[in-house]
Amino acid sequence: MDSGINIGRVFNIQFRVHYSWVFIFALITVFLVWQVFPYAVPGETRSTHWIMSIVTSLLFFLSILVHETAHSLIGRANGIPVRSITLYLFGGAAQMDREPASPGAEIKMAIAGPLASFLLAALFWIVYDFYISQVLAIAAVALWLAQINLIVAVFNLLPGFPLDGGRVLRGIWWHVRDDYPGATRGAILFGRIVGVLVGVSGLYFVIVHRDWLAGIWLVLLGWYLESTARTSLKQFELQIWLKKHTVADVIRRDCPRISRDTSLKYLHDKYPDRHCFVIPEIGEITGIVWFEAKDATLPETTVADLVIPLDQTIAVETGDNLLEVVQRMNETGSDIAVAGGQSDPVGFVFLDDLVNLVNRHADNQGAGDAT
Ligand SMILES: [Zn+2]
């Protein structure tokens with residue numbers, strides 16, 4: 001998720017570009033220079049074709065940004081916070097903090113992107129129509145952008161998760177059957193089918209039409225869709241599983257009380273298999289330490305260097321489900337939760353424990369699959 005370049009903040013959303021976009025940008029520019037503009041405006045020089053192509057690629061890139069921003073703004077208006085958007089090889093992916101609250105919110109948010117692309121297509125078409133009898137170069141750029149935005153809108157409406165159309169499908173399914181897990185699994189299955197069909201259509205283009213460029217593009221797109229759908233299913237099943245577990249399953253109630261100036265070396269020798277410690281001051285717990293054996297290798301280090309004040313943790317109850325806890329840890333960036341009130345905690349939840357629990361579950365799943 002982090003393998004991208006920050007390009008700025010708009011509407012309090014962090015925009016990032018995945019490194020693969022540099023490649024895409026170059027590919028589209030070269031494609032336009034060689035395959036599109038020499039035929040659309042043969043009278044222009046090669047350097048004019050280059051300028052047209054670079055401008056067109058930039059405007060295409062901006063179009064995808066508008067599509068993603070539309071999702072985010074409508075999502076936010078419907079109670080789905082979006083913190084960042086990363087532009088990937090085949091478009092964009094909004095980083096959502098939570099799942100939608102209702103089928104209506106899901107459908108509105110999903111439809112906003114393709115709607116924005118349709119509007120952009122119309123806008124570029126108007127520009128094309130205006131300039132066709134005046135400046136052919138501008139008209140050619142506008143026509144290509146109108147077409148590509150139309151393709152983006154229609155392609156994203158294909159009914160398979162994680163495409164926008166798949167989200168719409170999930171929203172409708174969820175609304176009609178009142179079964180969110182069933183709707184998600186169904187929309188993901190459709191996503192895998194759509195992925196395979198797109199890939200097969202790519203092979204058709206290569207074998208029958210000898211159109212290598214379109215063919216390979218579609219095969220890559222199909223493969224990407226199918227594998228993303230499969231990953232989404234794994235993540236979703238994990239969420240369901242986390243939802244069934246509560247804080248009580250991972251809580252640590254036995255963290256020894258230690259003073260601030262205790263050295264890590266001493267802790268390691270005295271409590272070889274403990275990880276969590278609390279720091280009481282004037283009868284109240286003020287901080288927590290999560291301590292790994294490797295930290296003890298620095299002889300001068302004391303507890304004070306690792307202590308995390310209680311107000312930087314999140315407050316939970318023992319009955320809260322773990323999905324809720326993980327989401328809140330994600331949102332706040334905190335990896336410790338305190339159960340039972342910060343003035344008189346009954347125990348603590350650590351991100352490391354959650355990760356271990358999930359890994360053990362994944363190992364069991366793997367063993368189960370093999371038999
Ligand atoms: Zn979209």
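How are the donor residues of the zinc ion spaced in sequence? The spacing is H-x3-H-x92-D. The legends below describe close-ups of a predicted model.

**Figure 1. Donor atoms at the zinc ion.** H67 and H71 each coordinate the zinc ion through NE2. D164 supplies OD donors and is listed twice. Coordination distances run from 2.0 to 2.7 Å.

**Figure 2. Angles around the zinc ion.** The four donor atoms subtend angles of 53 to 153°. The arrangement is therefore irregular. A tetrahedral label would need all angles between 85 and 135 degrees.

**Figure 3. Helices α2 and α5 at the zinc site.** The donor pattern in sequence is H-x3-H-x92-D. H71 lies in helix α2, residues 46-77. D164 lies in helix α5, residues 164-177. The pair H71 and D164 therefore ties together parts that are 93 residues apart in sequence. Are these two donors buried or exposed? H71 is buried, and D164 is buried too.

**Figure 4. Domain 1 and domain 2 of the chain.** The domain assignment places domain 1 at 5-243. Domain 2 covers 248-370. Taken over C-alpha atoms, the domain centres are 41 Å apart.

**Figure 5. Contacts between domain 1 and domain 2.** Domain 1 contributes eight residues to the contact, and domain 2 contributes 12. About 1100 Å² is buried between the two domains. Carbon and sulfur atoms give 62% of that area. How many salt bridges are counted between domain 1 and domain 2? The count is zero.

Definitions and conventions. Residues are numbered from 1 along each chain as its sequence is written. This is a predicted model: local features need pLDDT of at least 70, side-chain atom pairs count only at pLDDT 80 or more; totals for chains, interfaces and linings use all residues. Side-chain values use heavy atoms; hydrogens and water are left out. Donors are N, O and S atoms within 2.8 Å of the metal (3.2 Å for Na, K and Ca); water is not among the atoms, so sites may look incomplete. Four donors count as tetrahedral if all angles lie between 85 and 135 degrees; four count as square planar and six as octahedral if opposite donors are over 155 degrees apart and all others between 65 and 115; anything else is irregular. Helices (H or I, at least four residues) and strands (E, at least two) are DSSP runs, numbered from the N terminus. Buried means under 20% relative accessible area, exposed over 50%, partly exposed in between (1.4 Å probe, protein chains only). Domain bounds come from an automatic or database domain assignment. Contact means heavy atoms within 4.5 Å. Buried area is the accessible area (1.4 Å probe) that two parts lose on being put together, summed over both. A salt bridge is a side-chain nitrogen of Lys or Arg within 4 Å of a carboxyl oxygen of Asp or Glu.
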